[in-house]
Amino acid sequence: MKRVSLALLALAATAPLQAQSLLYRPPNLGGTWVPEPGVVQFNFVHRFYVADATGAHKVTNFPTFTFAVGLGHDIAIGTHYGTNSFVVQTPYRPNETEVFARWRAIGGEGKQGIAVSVTPAYNFAAHSADGEVGVDYTIGRLTLSGAVRGMTKAFGIDTARAAFAGGAAARLTDYIAVSADVGSFVSPTVRAAWSVALNVLIPGSPHTFSFQASNATTSTIEGNSIGFGKMLYGFEFTIPLHLKRFAPWFHGSPKPVALGAPAGAAIAAEIDMAAMKFARETVTISAGQAVRWTNRDPVEHSVTFDGAEPGSPIIPRNGSYVHRFEQPGTYTYHCTPHPFMKGVVVVK
Ligand SMILES: [Cu+2]
């Protein structure tokens, strides 16, 4: 029994983020990810090249924004918006908007084995009904990805087209992965798209970041399938926004919570935690007296002693924590979530 629970613990420790992660997908593949219900996924791809023919080092940028919302049941809806697109040339459309729905029919992000998703989409620049079937196969630290794409009117030209893409992401550690992909239309006259990336999970956060090189401009089904004439460099940043985080906007102040020593300890000093600081950096009390900290900030804080003295749990907004000091001494402390918040209690 114990062994089983230990194994479960180990699994939980290495379980992937419950958010779209670049550690499981190469840059030009949509992958099979679907945001959790109640999560808005905001991803930002930015690619550029520098033209220095005239010595002016003009930077040309190709940003694509992704917004997607998880609706539950492995379904999401979203949009890709590329502000500098070359997908539709006649008539030239500088911007490209694609709306999509995605249903993950099999598997889950970061889970071992096969995952399959279906992504119907509409590209407003091309006036084309587009779609993608994505397949991921994850085995250990390797994820292989493939996609079959179809468009009713690719590039705004009245021709139905198909494209294929394949790639892989290899996780070197729990925080770093390398990935690459190639995608191409079923047409020798259309340049294939490719990309390579170094992907990182930002420790202690739900964010992933990738440094990439590619010849594809916009991150849409069409944009990911056609190469531009130049090599672009850039990055992608993934930001899951948990809607419940915004609850303080809509609810009043939470009820006060009292943590720490039972009432009755003589409180000799009050310290507010406000504006990400301990309002009084040093207080002096006598042995046997107590200090009360009160969190006036909208974020959580803690009182964590640098020495052996036991400290507080996480103190929520409007929470207070009382600690009684039995022995004379100098007690330095900090806030665990914000280590730059520091204070001292001197006990005589
Ligand atoms: Cu803090």
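# Strands, rings and a copper site

Strand β11 (residues 208-214) runs antiparallel to β12, and seven bridges join the two. The model described here is predicted. Within this pairing, Gln212 stands opposite Gly234 of β12. Strand β12 (residues 232-242) is also joined to strand β1 (residues 39-51), again in the antiparallel sense, by 10 bridges. There, Arg47 is the residue that stands opposite Gly234. In general, strands of a sheet pair through backbone hydrogen bonds, in either a parallel or an antiparallel manner.

**Aromatic rings**

The structure holds 21 aromatic pairs. One of them is formed by Phe44 and Phe235, which meet edge-to-face with 5.8 Å between centres and 75° between the planes. Because Phe44 belongs to strand β1 and Phe235 to strand β12, this pair ties together parts that lie 191 residues apart in sequence. Is Phe235 buried, partly exposed or exposed? Its relative accessibility is 25%, so Phe235 counts as partly exposed.

A second edge-to-face pair consists of Phe278 and Tyr333, with 4.8 Å from centre to centre and 80° between the planes. This pair links distant parts of the chain, since Phe278 is in strand β15 (residues 277-278) and Tyr333 in strand β20, 55 residues apart. Phe278 and Tyr333 are both buried.

Ring pairs also link Phe42, Phe44, Phe65, Phe67, Phe209, Phe211, Phe235 and Phe237 into a cluster. Elsewhere, Lys230 lies over the face of Tyr49, 5.2 Å from the ring centre.

**Salt bridges**

The count of salt bridges comes to seven. Three of these pairs are set out below.

| Salt bridge | N to O distance |
|---|---|
| Arg25 and Glu236 | 2.9 Å |
| Arg292 and Glu270 | 2.7 Å |
| Asp272 and Arg296 | 3.4 Å |

The side chains of Arg25 and Glu236 meet in a salt bridge. Arg25 lies in the loop between α1 (2-14) and β1, whereas Glu236 lies in strand β12, 211 residues away in sequence. Both of these residues are buried.

Arg292 and Glu270 likewise form a salt bridge. Arg292 lies in strand β17 (residues 290-295) and Glu270 in strand β14 (residues 267-274), so the pair ties together parts that are 22 residues apart in sequence. Arg292 is partly exposed at 28% relative accessibility, and Glu270 is partly exposed at 37%.

Strand β14 also holds Asp272, whose partner Arg296 is in the loop between β17 and β18, 24 residues apart from it. Asp272 has a relative accessible area of 28% and is partly exposed; Arg296, at 49%, also counts as partly exposed.

Arg292 is among the residues that Ser320 touches, together with Val257, Ala258, Leu259, Trp293, Thr294 and Ile315, not counting residues up to four places away in sequence. Ser320 is placed in strand β19 (residues 319-324). Its relative accessible area is 12%; because buried means under 20%, Ser320 is buried.

**The open sheet and the copper ion**

Four strands form an open sheet with mixed pairing, in the order β16-β21-β20-β18. Its edge strands, β16 (282-285) and β18 (304-305), each pair on one side only. β18 pairs with strand β20 (residues 329-334) in the antiparallel sense over two bridges, and the bridge partner of Thr304 in β20 is His334.

Which protein residues are donors of the copper ion? They are His301 (ND1), Cys335 (SG) and His338 (ND1), at 1.9 to 2.1 Å from the ion. In sequence, these donor residues follow the spacing H-x33-C-x2-H. Cys335 and His338 are buried.

Notes: Residues numbered from 1 in each chain as written. Predicted model: local features only at pLDDT ≥ 70, side-chain atom pairs only at ≥ 80, totals over all residues. Heavy atoms only, no water. Donors = N, O, S within 2.8 Å, 3.2 Å for Na, K, Ca; no water. Buried < 20%, exposed > 50% of the residue type's maximum accessible area, 1.4 Å probe, protein only. Pairing = 2+ DSSP bridges. Phe/Tyr/Trp six-rings, centres within 6.5 Å; stacked < 30°, edge-to-face > 60°. Lys NZ or Arg CZ within 6 Å of the ring centre and 35° of its normal. Contact = heavy atoms within 4.5 Å. Salt bridge = Lys/Arg side-chain N within 4 Å of Asp/Glu carboxyl O.
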